[in-house]
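Me: Please take a close look at one part of this model, a single strand and the elements it pairs with. Then work outward from there to the rest of the chain.

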Amino acid sequence: MSEVDQNTMKEKAAQRAADTVWSGMRLGVGTGSTVKFFIDALGKRRKEGLALGAVVTTSDRSRQQLESLGFTVGELSDVEHLDLTIDGADRVDSHLDGIKGGGGALTMEKNVAVHSLHNTWIVDESKVVDHLGGFPLPVEVLPISAKQVFNQFADEGLLPRFRTTDTNERYVTHYGNFIIDLYIDPLPAPRGLASYLDSTVGVVEHGLFLGICDTVIIAHEDNTIEIKKRQ
Ligand SMILES: O=C[C@H](O)[C@H](O)[C@H](O)COP(=O)(O)O
């Protein structure tokens, strides 16, 4: 699949998601190349009269784009909860569990998602898998113990690698932490792995989003859109 085709699919999924947003909603807006299309579509709806109750986002990139289109972006702490959050995903399985954080925004994304009544992910068909895997699992870690946590992951056979930038420096998240990507594939028992990571001192957050998403909008190469809902 070419990048152009993939972008066409991302845009279609994003446009469909923008049709599910209504005036008055408190909306969470995620991060990534698919969400970029969603924000563009949201901007068009704003010109047609859409007036959101609140907008909260999960990265500086999305914030800048939203503000450039005239949206006022607030903080999660400004609201009790969000009505709906629209975000992308790196992988999603048949239970609507997923891997997120390829763009490094996992901590803010998970915080926004769990305080949202509904969560919709927008993906192209290449992200849909039978079992979670096929994408390194991001784990955000505190710098003070990153070395020890890395070694622990290596001992556990999780195939860790520190994420680096294009200039080969260690990638630093919005919160000043590092990301260790786990290359074990497929992921062994995602719920067990999530519990292990949740209980590892030094781990700030990880990219396993289990039981969080309730709707996935999938754009297929044959131009169709599929909407899957959590049973
Ligand atoms: O940290 C980044 C997010 O989890 C993104 O939503 C995810 O990586 C999907 O991004 P994209 O739409 O660019 O594939």
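**A strand and its surroundings**

Reply: Strand β6 (residues 116-124) and strand β12 run parallel and are joined by five bridges. Across this pairing, W121 of β6 has V216 of β12 opposite it. The structure is a predicted model, and its protein chain has an average pLDDT of 96, with 99% of the residues scoring at least 70. The scores for the model are ipTM 0.97 and pTM 0.95.

β12 has a second partner to describe. Strand β12 (residues 215-219) is connected by five bridges to strand β13 (residues 225-229), and these two run antiparallel. V216, which stands opposite W121 of β6, also stands opposite K228 in β13. Further along, A219 faces I225 of β13. In a regular strand, side chains point alternately to one face of the sheet and then to the other.

How enclosed is β12 by the rest of the structure? Four of its five residues are buried, so β12 is largely enclosed by what surrounds it. A residue is called buried here if 20 or more other C-beta atoms lie within 10 Å of its own, and exposed if 12 or fewer do.

The turn after β12 gives another reading on that scale. β12 and β13 make a hairpin with five residues between them, and N223 is located in this loop. N223 is not a glycine, yet its phi is positive, at about 85 degrees. N223 counts as exposed because it has 9 C-beta neighbours inside 10 Å.

A positive phi also turns up elsewhere. A189, a residue other than glycine, has a positive phi near 30 degrees. A189 belongs to the loop between β9 and α6. It is exposed, because 10 other C-beta atoms lie within 10 Å. P186 is found in the loop between β9 (178-182) and α6 (190-198) as well, and the peptide bond leading from D185 to P186 is cis, with omega near 0 degrees.

β9 leads on to a sheet. Four strands make up an open sheet in the order β8-β9-β7-β10, with antiparallel pairing. The edges are β8 (160-162) and β10 (203-206); each has a single partner strand, so one side of each has no neighbour in the sheet. On average, neighbouring strands in this sheet are turned by 30 degrees against each other, with direction ignored. Within the sheet, three bridges pair strand β7 (residues 137-141) with β10 in the antiparallel sense. V203 in β10 is the bridge partner of V141.

A helix lies against this sheet. Helix α4 (residues 106-114) packs on it and touches both β7 and β10, and the direction of α4 makes about 70 degrees with that of β10. Is α4 mostly covered or mostly exposed? It is mostly covered, as seven of its nine residues are buried. The buried residues of α4 are L106, T107, M108, E109, K110, V112 and A113.

α4 also takes part in the surroundings of the ligand. α2 (33-47) and α4 each contribute at least two residues to the shell around the ligand. The ligand has 17 residues around it, of which G32, T34, G88, G102 and G103 come nearest. Sorted by class, this shell holds ten polar, four charged and three nonpolar residues.

One more residue brings the account back to the start. L82 is part of strand β3 (residues 82-87). It is buried, because 23 other C-beta atoms lie within 10 Å. Leaving aside residues up to four places away in sequence, L82 touches R26, L27, G28, V56, V112, H115, S116 and L117. Of these contacts, V112 is one of the buried residues of α4, while S116 and L117 fall within the residue range of β6 (116-124). Distance in the chain and in space can be compared for L82 and I184: these are 102 residues apart in sequence, and their C-alpha atoms are 34 Å apart.

To return to the part requested: β12 is joined to β6 in parallel by five bridges and to β13 in the antiparallel sense by five bridges. V216 stands opposite W121 in the first pairing and opposite K228 in the second.

Methods
Residues numbered from 1 in each chain as written. Predicted model: local features only at pLDDT ≥ 70, side-chain atom pairs only at ≥ 80, totals over all residues. Contact = placed C-beta atoms within 7 Å. Pairing = 2+ DSSP bridges. Axes fitted to C-alpha atoms, helices over the stretch in contact; angles between N-to-C directions. Near = placed C-beta within 6 Å. Nonpolar A, V, L, I, M, F, W, Y, C, P; charged D, E, K, R; others polar. pLDDT = per-residue confidence, 0-100.
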